[in-house]
Amino acid sequence: MKTTTTCLAAALLALLPLAAAAQKAAPTGTDKKLYCWDEGGVQVCGDTLPASAVDRARTEINARSGLRTGAVPRALEPDERAAAAAAARQAADDAEAEAARQRRDLAMVESYATEDDLRRAYGERIILVEEALKTSQLGMTNLRQSLLNLLRQAAELELHAKPVGKVLAESIQTQHADLLRQQATQVKQLADRASLGSDLDDALGRYRAMKGG
């Protein structure tokens with residue numbers, strides 16, 4: 001049996017005979033549910049849920065007491081499910097990143113007895129990064145000079161209307177790719193060096209918080 005009304009109270013009154021019959025038929029200790037949902041702006045209530053309403057938002061009501069016992073939201077659309085899944089993955093990633101940060105902070109406190117020890121450790125990191133920058137710069141200088149020599153050889157051949165051999169052409173491509181990789185490495189090293197100062201300030205703040213001082 002299903003009754004359509006524009007008022008939830010009226011719907012419940014109309015369903016009371018059904019609820020009473022259901023109570024008599026139902027085994028002791030069970031409570032029959034009534035469902036109410038919206039169809040085109042009209043409130044619909046019934047003791048069964050048709051297939052057309054399965055994905056709709058609905059309210060569940062105890063037929064014995066007439067009290068609301070729960071609410072089921074509408075089923076999500078595919079794009080909404082995808083967005084919810086992406087949000088859940090991001091939340092999991094954020095939680096893992098926070099847990100990893102806490103582990104690092106704990107390891108930092110256990111590794112350095114004082115702030116001076118922590119400062120010295122960062123000082124050593126700065127020295128290592130600066131040495132790596134020097135090495136990268138030297139490597140780039142050598143690669144650039146080697147590439148220029150190869151390009152001069154190719155230019156001389158072309159000026160004399162001679163073909164540039166496969167070996168020379170491949171060497172030019174290889175040297176150019178190596179130079180680009182070295183430049184990218186240097187850019188990262190420069191960024192690391194620039195961030196070490198602020199990283200130290202941040203680490204000191206976390207260190208003091210973990211130490212409780």
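A contact is defined here as heavy atoms within 4.5 Å. By this criterion, among contacts in the predicted model between residues at least 6 apart in sequence, 56% join residues at least 24 apart. The protein contains 4 helices and 5 strands, arranged along the sequence in the pattern β-α-β-β-β-β-α-α-α. Of its 213 residues, 23% are buried. The exposed surface amounts to about 14,200 Å², and carbon and sulfur atoms supply 57% of this area.

Helix α3 comprises the 45 residues 115-159. At 1.5 Å a residue, a span of 66 Å is expected for α3, and the distance of 65 Å between its end C-alpha atoms agrees with this value. The buried positions of α3 are L118, A121, Y122, V129, L133, S136, M140, L143, L147, L150 and A154. These buried residues pack against two helices, α2 (78-111) and α4. Just after α3, A161 adopts a positive phi of about 60°.

The packing of α3 against α4 can be examined at the level of a single residue. Q186 lies in helix α4, which covers residues 166-211. Because its relative accessibility is 14%, Q186 is classed as buried, the cut-off being under 20%. When residues up to four places away in sequence are not counted, Q186 touches L133, S136, Q137 and M140. Of these partners, L133, S136 and M140 also appear among the buried residues of α3.

Conventions:
Residues are numbered from 1 along each chain as its sequence is written. This is a predicted model: local features need pLDDT of at least 70, side-chain atom pairs count only at pLDDT 80 or more; totals for chains, interfaces and linings use all residues. Side-chain values use heavy atoms; hydrogens and water are left out. Buried means under 20% relative accessible area, exposed over 50%, partly exposed in between (1.4 Å probe, protein chains only). Accessible areas come from the Shrake-Rupley method with a 1.4 Å probe; for residues, only the protein chains shown count as cover. The expected span of a helix is 1.5 Å times one less than its number of residues.
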